[in-house]
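Reader: I would like a close look at one part of this model, taken slowly and with each cut-off stated. Please take me through the second largest pocket and what its central residues do elsewhere.

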Amino acid sequence: MLHDSNERYGSLTRFFHWVMAVLVLQQFFKFADRINDGEHWLGDTFGPWHGSIGAVIFVLVILRLIWTMKQRAQRPVNAGLDGRIATAAHRLMYLSMLVMPVLGVLYVHGKGYPVKIFGYELLSKPATEEVPWALAFGEWHSPFAFLLIFLVLAHIAGALYHHFIEKDDVLKRMI
Ligand code: HEM
Ligand code: HEM
């Protein structure tokens, strides 16, 4: 079924979730640029696509948020304290997926480079060597990356805990 119900997530929610999970997880390969002065095959392979995939995530998360709002009244409910924590984590993940692409663009612009998305020049090279206001925002890209990877790891651990320890249907309703 396309729509969500109180028992399980519908096909469109699951499509958004798993496609975006893959896209977000591969964005984390950018952390590999920290290894060996950026000379790492993971960074070399995925790095050139980082901004473009980030832009795809941005478009998808807006569509997903609209869909999520529409499904709100008929979604599985997360009860209790751990349910409230899970819901808060979901909201923070949405926030991160929304602001990170914007901060990434501001970082590149702030550093004085053109911003290219799949070869299309979204922002041309700024006239000055650096754009301080853009960089001031853009420098939050990395702290958000750490917040998001922490949330995602806790989120995956929570899903596995429900499936293998609690043996309930929390993971099944998203598969
Ligand atoms: C949801 C989308 C995105 C995610 C999850 C993401 C994730 C990350 C991560 C994990 C890092 C490594 C941070 C670190 O080592 O401290 C990073 C760095 C970076 N990202 Fe993104 N990113 C996203 C979107 C974008 C976009 C759209 C752009 C630009 C168009 C961009 C540009 C950059 C740049 C230039 C760096 C290197 C920053 C540095 O050297 O400190 N990112 N990103
Ligand atoms: C192997 C990786 C992952 C697993 C096993 C997983 C599992 C799950 C499960 C079981 C749910 C339903 C939880 C519930 O009903 O309370 C869920 C929901 C959710 N997950 Fe994941 N997830 C993964 C990766 C990700 C990633 C990378 C993100 C984004 C950064 C993400 C974002 C969300 C969000 C926002 C929800 C709330 C439901 C929605 O609005 O779509 N997940 N996930």
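## The second largest pocket

Author: Five elements, namely α1, α3, α4, β1 (115-117) and α6, each contribute at least two residues to the lining of the second largest pocket, where helices (H or I, at least four residues) and strands (E, at least two) are DSSP runs numbered from the N terminus. The model is predicted, so local features need pLDDT of at least 70 and side-chain atom pairs count only at pLDDT 80 or more, while totals for chains, interfaces and linings use all residues. Residues are numbered from 1 along each chain as its sequence is written, chains are lettered from A and ligands numbered from 1 in the order in which they are written, and side-chain values use heavy atoms, without hydrogens and water.

This pocket (on a 1 Å grid over the protein atoms alone, an open set of points with protein on both sides within 12 Å along at least five of seven lines, whereas a cavity is a set where a 1.4 Å probe fits but cannot get out; lining residues have an atom within 4 Å of a point) encloses about 1100 Å³ of space. Of its 40 lining residues, Lys-30, His-50, Gly-104, Val-108 and His-141 lie nearest the centre, and α4 supplies the largest share of the lining, with 9 residues. By class the lining holds 22 nonpolar, 12 polar and 6 charged residues.

Two of these central residues, His-50 and His-141, also coordinate the iron atom of ligand 1, each through NE2, at 2.0 Å (donors are N, O and S atoms within 2.8 Å of the metal, or 3.2 Å for Na, K and Ca). Because His-50 belongs to helix α3 and His-141 to helix α6, the pair ties together parts that are 91 residues apart in sequence. The iron site has 6 donor atoms with angles of 85 to 179° among them, and is octahedral (six donors, opposite ones over 155 degrees apart and all others between 65 and 115). His-50 itself counts as buried, at 18% relative accessibility (under 20%, with a 1.4 Å probe and protein chains only).

Lys-30 and His-50 are also among the residues that line the largest cavity, together with others including Phe-29, Asp-33 and Phe-46. That cavity has a volume of about 40 Å³, and α2 (41-46) gives the most to its lining, with 3 residues.

Key
Grid points are joined across faces, edges and corners, and a volume is the space filled by probe spheres set on the points. Ala, Val, Leu, Ile, Met, Phe, Trp, Tyr, Cys and Pro count as nonpolar, Asp, Glu, Lys and Arg as charged, and the others, Gly among them, as polar. Four donors count as tetrahedral if all angles lie between 85 and 135 degrees; four count as square planar and six as octahedral if opposite donors are over 155 degrees apart and all others between 65 and 115; anything else is irregular. Buried means under 20% relative accessible area, exposed over 50%, partly exposed in between (1.4 Å probe, protein chains only).
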